Structures are given as structure tokens and as C-alpha cells.
Amino acid sequence: MIKASEVRKTVITGEGELTILKGINLEINYGESVAVVGASGSGKTTLLSLLAGLDTPTSGRICLDTDRILTDMDEEARARVRADLVGFVFQTFQLLGSLTALENVMLPAELRGEASAQSNASEFLARVGLSSREKHYPRQLSGGEQQRVAIARAFASSPKILFADEPTGNLDTRTGEIIIDLLFSLNAEFATTLVLVTHDERIADRCDRSIVMEAGQIAGAISSNEDQMVC
Amino acid sequence: MLKLAFKLLLRDWRAGELTLLLASLIVAVSTVTTITLFTDRLQRALVLESASFIAADRVISSPRPIANEFMEKATELGLTQSRTLSFLSMAFVQNRSQFTAVKAVDENYPLRGRLIAGPAPFESGSPVSQGPVPGEVWMESRLFPSLGLSPGDHIELGMASFPATRVLLKEPDRGGGFSAAGPRILMNLLDVEATKVVQPGSRLTYRYLFAGEPQQLDTFEKWAGPRLADDSRLIGAREGAQSVGDALQRAESFLLLGGLLGVVLAGVAIALSAQRYSTRHFDHVAILKTLGATPVNIDSLFFFIFMVIGLTATAVGSLVGYLMQVGVITVLGPLIPVELPLPGVKPIWVGMITGMICLLSFAFPPLQKLRSADPMRVIRRDVEPSRINDALAYLAGGGGTLALMWWYSGDLTLTLLLFSGGLVVAAVLLLIAYWFIHSGRVIGMQAGSSWRLALAGMQRRGRENAVQILTFGLAIMLLLVLFLVRTSLIKEWQNQIPENAPNHFALNILPGDVASIRSLLTANDVKAQPLYPMIRGGIRSINGKTAQARKDNRQAAQGRAPRASSGRSLTWSSQLPPENEVVEGAWWDDDYVGPALVSIEQDYATSNAIRIGDSLVFVIEGRELSAEVSNIRTVVWNNLQPNFYIILSPGSLGDFPSTYMTSFFLAPGQKLVLNELIRAHPTMTVLEVDALIEQINSIITQVSLAIEFVSVLILASGAMVLLASVQASMDERMRQFAILRTLGASQRLVLGSLSIEFLALGFFAGLLAAIGAEFTVFMLETQVFDLIYSPTLALWVVGPLLGAGLIGVIGVAATRSLVSQSPVSVLRELA
Ligand SMILES: Nc1ncnc2c1ncn2[C@@H]1O[C@H](COP(=O)(O)OP(=O)(O)OP(=O)(O)O)[C@@H](O)[C@H]1O
Ligand SMILES: [Mg+2]
């Protein structure tokens, strides 16, 4: 489903070149859930954004859904891939402040020009328990509620891959748990491939396996089921 | 997609995101619409008014009847026509006689302007639609006492006798020109034959009057011009009112300039608010992109939104502009002495097209930035749009301005000059703004906490603030420039016809009468110019070469250049007449005796290729006189004083029989002095130009009003820019201050530091404005308006104070409500 080979990312900063990712190779299978863990600044977010096609690597090759080679595409084509395949959940929710909760959830379908956007969106809002808040604007919702809207939005477009970058980073433990439960139950239901960046070991444990990042490289992988290190 | 666009639009509108953008655009459109509508109407009125100086739109003047083909052509083009015939004749009543200027008119006269006639001399009358019917004549007021007549009595003109039934109080084309000498008798063209005064050899002036639509008139002019005989000339409305021409031209340039400034200011406001709109929607676009929106999607989304904004603004703006113009005219109506014709539809189009160009060139570039919003922004906030798009924004804005300027002025050179001048000024001002900000921080280092906070803030956002100072500065500068130019223009016009300017000319004064006229005028307290000797004469040769009669009649009629060989009024004087200035050579000494010297007016010298040291031979009364050109002189033609092309040194005209002339001012109550003068000196001719002066004054009043009005409109655009500019910087400031508040800064500290920041910005902007305005006014007054420039010291005080005051008030007013809110709600607002 996702295949990255020799992915490198270098940025030019004030103090010269900075290599953030130093040759990443990974493969994630269809329906798999993968946690990306590692110290702050190790390059997790960078990796995620490259895999999702939000940014382009300096070198290397990324391929989604076996035949969609992100690294050969222009922005226009990558946008189309995102619309077709990918859903996002961000640490900072990223809802459109000028649209209501319902309208936010309808957004991906509308971008694809689908007609039945509204009923579908209502359904998903109900799934995350926010039926009564359809007409509310993001600023009238709590952080946890906003994140639930974001999850509803992510799943409403029935993506094949869901990327989540510290989805509970801005929430308290209790709310975080609710969000994660929601995420995993929907993930299971739709058999979505999940790539999730987190600092929380308990969340990582719920994934099929974890990838450990260290200074721009994959330091190892932990298969949760067997709970042992494979090098 | 369309639904989404509509939804976003509606939301943005409700959230107030579009208010400023829409308002700026509406101001741009309505400013242009109002100005063009108003100028259009005023211009039509002024054309009509100046047409009344010749009682028609076009006149063919000829010493003999012109061929019928001219009238046929005019009929074919749908022009209305009228004919007049003027001649000088003696009028007799028993034993009294008076030299009079007779004008015979048909039933269509006048085509433009009005005849005013009344029942009694020296009293007020009422407009009449046509001249006397056959068998009657009308006479000017002062002819009644000088011939000892009352209305209804008969006078003899040539072989016929007519009752003088009414008093002619005003005729539109009385105008200046020495040929109009003598008190007027108006009669019907059909009666001329009966008088038998029209004989071979009599001096007659046939005038053929035409009026109609501008296009037909132009066609007629092009057709008739080359077909006219050498001694006929075609006169247009402009040439008929030369003294007003200059004032009109300047007013037009001013209104044009004012309109342009308005648009540029509104354009800047549009650019600023579009910029703000696009930065505030950056995250939107980034999110939309992570959700799979393609750049094309984004483009069509915002294209739709902006088209809706554009169309709404142009529609509302045109309507507002139209209503404003109607309102203005209703309010000013009583002050505008002429009736304003209805406006055409063109101004509406001009406003709409301006709105669209403004939107395209000023608003689309910031929007283009939106499409390039990187979806990475969702993850990393510091991802900024590329800089190339900034250059594009400036380029597009500049291009749009250039296009509009060119379109309005129709003059590419002027446009390029103004534009490049503006660019240079802006660049220099930007540098100075940077420098201000830098020195601001140096001062701030030693200051208290509010100050340090404010100036550090200014320094941190150095680039944005420099641009903002420049924007504020330019807006204030344009306002100052407008105000200064307006003030000096109006002052100049008022000076042009000073109160008590001579409004009567006396000609044909015999040398023997000079002393008694002088004393009579003094006795009646009349302010008079010196008496100048005057004699007709022509130039026969220049440096031995015979002066050629110049073929081009049109040119002679338009310019002031006469034909070298034709007769001119010559004078001699020991002193340089007032308001004349020697530009080459030197004026002769007061007590000069010696060979004849001559002083020539500059344009006359140029058009006849006369240089200093040339020897000219004049023919005066059949005799020759040769004189050497000793100086070239400029003359202020419209000062309504005796002015001469040719002035000879004292004594050179000594042997020639000359008459004298002068000019003097008569207040309305002094008008009867004329009768006394004329009765005592019947050979003298008096030319009354008081009516003409009144007409000029009325035009100047209208034009001044128009200018005041345009200035107010520009002020509105300027305020718009200031507001937009403050708004544009608000988010960034508020975010910073909300964080400060969270950290425990007191409301006073925050507000104090904000006020200082705005006051400082305003102060620097005002200072910049003063620098820019001084320079621009200098260029404008010397290059465009031909005024005399003098530096305005007050500017250097008013500019910075005005800037600090305006920006301070607007800035604090706009931030105050936000500062008093809790920081959380501010942060949520901005999220
Ligand atoms: N555009 C950029 N310019 C400069 N440095 C960058 C850029 N993008 C990433 N970095 C640097 O690369 C490193 C990795 O960043 P990244 O955001 O991927 O880390 P992370 O693993 O997600 O950290 P965290 O757990 O704190 O979110 C960091 O040191 C960051 O400062
Ligand atoms: Mg991260």
C-alpha cells in the first residue's frame, strides 16, 4: 500500500544544509496500522508529510496504492491522489473556521463533486457523537469535539489510508482515549491503512507495529503482537 | 464546487472578512463614476457656456457672403444655423448723431447663450428667445441718453427709420476684440436692405452661426476648413473664450488628476484588503489542499468569489456614484450659474471598467498567492508563499495603474512621466522609511517599557512596517498634494481677474482730448490705466525681405500670431507696461532719444521669425518707418489691460497722427459716467467688457466648486487606504498583544504601546508625506499647471502632525475593542 525507498529530505537553513531524513526505506501493507514513534525532532512529522504527498523528498521514491508514484507527480496530481486515497487527522485539528461542523465534514466530498455529501456527512458526525453540534462553528467547540469533527471528516471520504500526526497531542488523557478509541474502531470498520505518529506508548501498542525514528533514520521496528524487537 | 464557493463567500461576508475589500472597491468605482459624471456634465455645461461667447458652437466669419454649399452641408449634417451681419454706421436723431456698431440678426439668433432685453435703459431685463422683429430696432442702454431718446422713439439708420422699441441689455457674443467698438444697435436682417448702408466697399462682417452635436460639428469643421476663402475664418467655442480657456484646461487636468489619485488610492486600499483576505485564507487553502483540492479547484473557487465581489461592487459603486452626483448637484445647484445638461452613459461604463481593472490588477495578485499555499502549512506554520508572487503583485498593480492612467489621460508621455516619477518617489520614500524604523529602534533602546515594546515591535516587522509607512505616507502625501495644488489653482484664478480689474476700454481718443478725459475720470473717482497712444500700422519688411502674407487662416485664428503684413495696433511708451516682462534684450531708458527702437511680443516674434537686432520697416498711414528690434517681451494677455504686440520707443511715432486708448474700472453704480464721457468726447469709442468679466467669473466659480468637490471624494479614498492599511497589520499585532496579555501585561501597557506604535508610524508617514508632497507639488505646479511655485513651510509641521493624529486615532480606535477583550477570545478569533 505504501512503499518508500531511499527517501532523503534535506532543507536549506540559515546555518547551511540540514538533513532531516537520511534514507528511509519502509513498506506498509494494506489494512495495516503503523505507529511512528521517536524523540522529538527525529523527523516523524517530516516523514508523514512526505508519505502523504504534502511535501516532496529531496531524493528517493514514494509509492502509494502500488501504482501511484508520488515522487513522479506534480502538485496537481498529488492533490488528486489526496482526494482519492488519503485522509488526515492533525494535532491542531485544522478545521475551516468559517464553516460549520457539518460543512467541514462535507468538504472532501464537495471537493470531489459528490452529490450525496450532506447525508453522508451527517451520518459520520453522528458516528462521532456530535449530531447535536452540526450547525456549530469550530470556535464554539472544545478541542476534543473539534478533533472528533476532524475524524468524521477524515473517514467521511472513505480513504484507503489515514495519516494522523499526534491526534491526541493537544488533548487531555481522558479525551485522548476517547479519540483514539474512535479512531481505531472506525479504522477497523473501514479497513483503512493507518499511519499514526505518537509519543504515547499505549497508543503505539494498539497498532499492528511501530516504527522507531531516531535522528532521521529508522532505528528499528517493533511488532506489537509479538512484542519483541526485530532488527 | 460552486456551492462551496458560495458558502465560503457567504460566511466570509458574515464574518466581515469582505467588508473592507468590498468597501474599497465600491469607493473606487463610485469615486470614478461620480467624478466622471460630474465632470462630464460640467464640461458639457462649460462648452455650452463658452459656446455662448460666440452665440454658437462654430462660427464662420467673413467680410463677404460665403458660398451656399456651406449652408447645404450644415443642413445635411443636421446643424441649426443663423446669420448675422455687423457694420459700423452713424445713427441720427434730428440734430444729434452717434457712431454705432450695428448688428443685424435673423430669427434663429442666438443659437447659444441668451439675449437679455428690457423696457428701460440701465435697468434689469429678461431673457428673450430672439432679436427684434422686422421694422424695429433695439439699442444699448447708453445710446438712449446719448441720443436723447426714450424707448419707442425713432432713429435713422442710413435711409431708413426705425422705432427703438426695447433696450438691449446683454448679447452673448458681445465679447472682446476691438472690432466690436461702439454702442450696439440690434436690428433684423430683413431690414438691412432698406437702410442702403451696405454698399460696395463698406466694411462688413458676415457671421454664419452653427450649432449641433459635437460629432457633426467636427465633421463640418473638417469639411469646411479647407474650403474657406483666405479672408474667412472658422471659430470654435474654445477660441471664442480664450480668456477662460486656460482656466478650463487647468481645471480639466486637475479633475483628471484628482480622479486618478482617487483610483490609485482606492487601488492601494483594494490591494491591502485583498492581501489581508488572502493571508487570512492561507490556512483555508492549505487545509483544502490536504483534502485533495487541486490548484485549479482553488483558482476557480476564488475566481468565483472575486467575480461576485467585483460585480457587486461595480453595481453598487455605480449606483452610489450616480446618486452622489445627483446629490451633489442638488446641493450645489443654486451655486452653479449654468444649467447642467444631463449626463451621458459613458461615465457609468468608465466607473464599471475601472472597478474591474482595479480588482484584476490589485486584488488578483494576492489571490494568486493563495493558490500557491503549501499544504505543508497545515503541519508547519512557518511555510510562507514564495516571494516571486510578491513581485507579480507589484507588477500587476503597477500595470493596472498605468493602464488606468493612460486610459484617463489619453496621453502616454504624460502617463509614463507621472508614473515613473511616482515610482522614483515611492522608492526613495521606502528607503527613508527603512531608515526611520532603524533610528526608531535606537531611540527605543533608551526608553520606557511601552516605548521599548512599541519600537521593538516596529523593528521586528521592519519590512511590513516600512511598506506600511510608505502606504500611509503616500496616501497622506496625495491628500496634501491635492490640497496644495487646489489652493494655488483657486488663488491663481482669483488673482487672474482681480477685483476692480479694468472692465471698460476707451479707444480712438484724440490727442487733444487726453487731458480732459484724464481729469474727468479722476473727478469721478475712476481707477484708470495710463493712456497709450495707438496707431494702425503693418510690417512691410524684415531685414529687407518683404513679409509674406501667411496663408494659414486657421492658425492665425487659433494662435495669437497675426499675419506679419496685416495691420496692427502700434504704440510707443517710455516705460515697460505693467505685467510685461522683457525676456531678451533690454528695455530702453526712460529718457531715450535716438533712432527708432521696437519691442516685440515673444509669440509674435517667434511666429514671424523676428530676432533681436533685426531691422523692421513699418507702413503707417502710407509712410514708412524703420526701427531696430531691441527687445522681446512677454505679455499677460488675459489681464484685461491694454496690451500690444508692438511697442516703439518714445518719439519714433511723433510725426504720425495717433489716437490714444486706455482701460478703466467702473462699478455697476458708476455706469452713467460713461454717458458723460461719451457726450463730452463723441469721437471716442468705449468697449464694455464688464459682462464678459462676469461670465468669466461665473465659470471660475463653477470650476472651483468642482475642484472642491473632487477633493472631498479623494479624501474619502485616502481614509479608505488608511483604514485598510491599519486593518491589514492588525492580525499580526493582535496576536502579539494577546500573547503579551496572556503573559500578564496590563491593558494600559498594551494600549500604550499600541498607541505609540501607531503614532510613531503616523508621524514618520507624515514626515515622508511632507517630503514627497513638496517635491510633487513643485513638479506639478511648474510642469503641468504653469503656476509659480513657492515652498510651503507649514507642510513640514502639518504633515507629521496630521499623520500621527490620523493614524493614531484610526489605529487605536480599531484596536481598542480587541484589547479590552480577554486574550483567549482574541486568540480564538485569530485562530
Ligand atoms: N522546513 C524546515 N526547515 C528547517 N528545519 C526543519 C524543517 N522541517 C523540519 N525541520 C527540522 O527537522 C527536524 C525534524 O522535524 P520534525 O517536525 O519531522 O520532527 P518530529 O519528529 O515530528 O518532532 P516532534 O515530535 O517534536 O513533532 C527538526 O529538528 C526540525 O527543526
Ligand atoms: Mg511532529
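How much area does chain B expose, and what share of it do carbon and sulfur atoms supply? In this predicted model, in which local features need pLDDT of at least 70, side-chain atom pairs count only at pLDDT 80 or more and totals for chains, interfaces and linings use all residues, chain B exposes about 36,100 Å² (Shrake-Rupley method, 1.4 Å probe), of which carbon and sulfur atoms supply 60%. Residues are numbered from 1 along each chain as its sequence is written, chains are lettered from A in the order in which they are written, and side-chain values use heavy atoms, with hydrogens and water left out.

Chain B comprises 831 residues, 54% of which count as buried, that is, under 20% relative accessible area with a 1.4 Å probe and protein chains only. Its secondary structure consists of 23 helices and 23 strands, taken as DSSP runs (H or I, at least four residues; E, at least two). Among contacts in chain B (heavy atoms within 4.5 Å) with a separation of 6 or more, 82% join residues 24 or more positions apart.

The structure holds three cavities of 30 Å³ or more, a cavity being a set of points on a 1 Å grid where a 1.4 Å probe fits but cannot get out. The second largest has a volume of about 50 Å³, the volume being the space filled by probe spheres set on the points. Its lining residues (an atom within 4 Å of a point) include R82(A), F88(A), R112(A), R153(A) and L291(B). β6(A) gives the most to this lining, with three residues. By class, the lining has six nonpolar, two polar and three charged residues, with Gly counted as polar and Arg as charged.

Methods
On a 1 Å grid over the protein atoms alone, a cavity is a set of points where a 1.4 Å probe fits but cannot get out, and a pocket is an open set with protein on both sides within 12 Å along at least five of seven lines; lining residues have an atom within 4 Å of a point. Buried means under 20% relative accessible area, exposed over 50%, partly exposed in between (1.4 Å probe, protein chains only).
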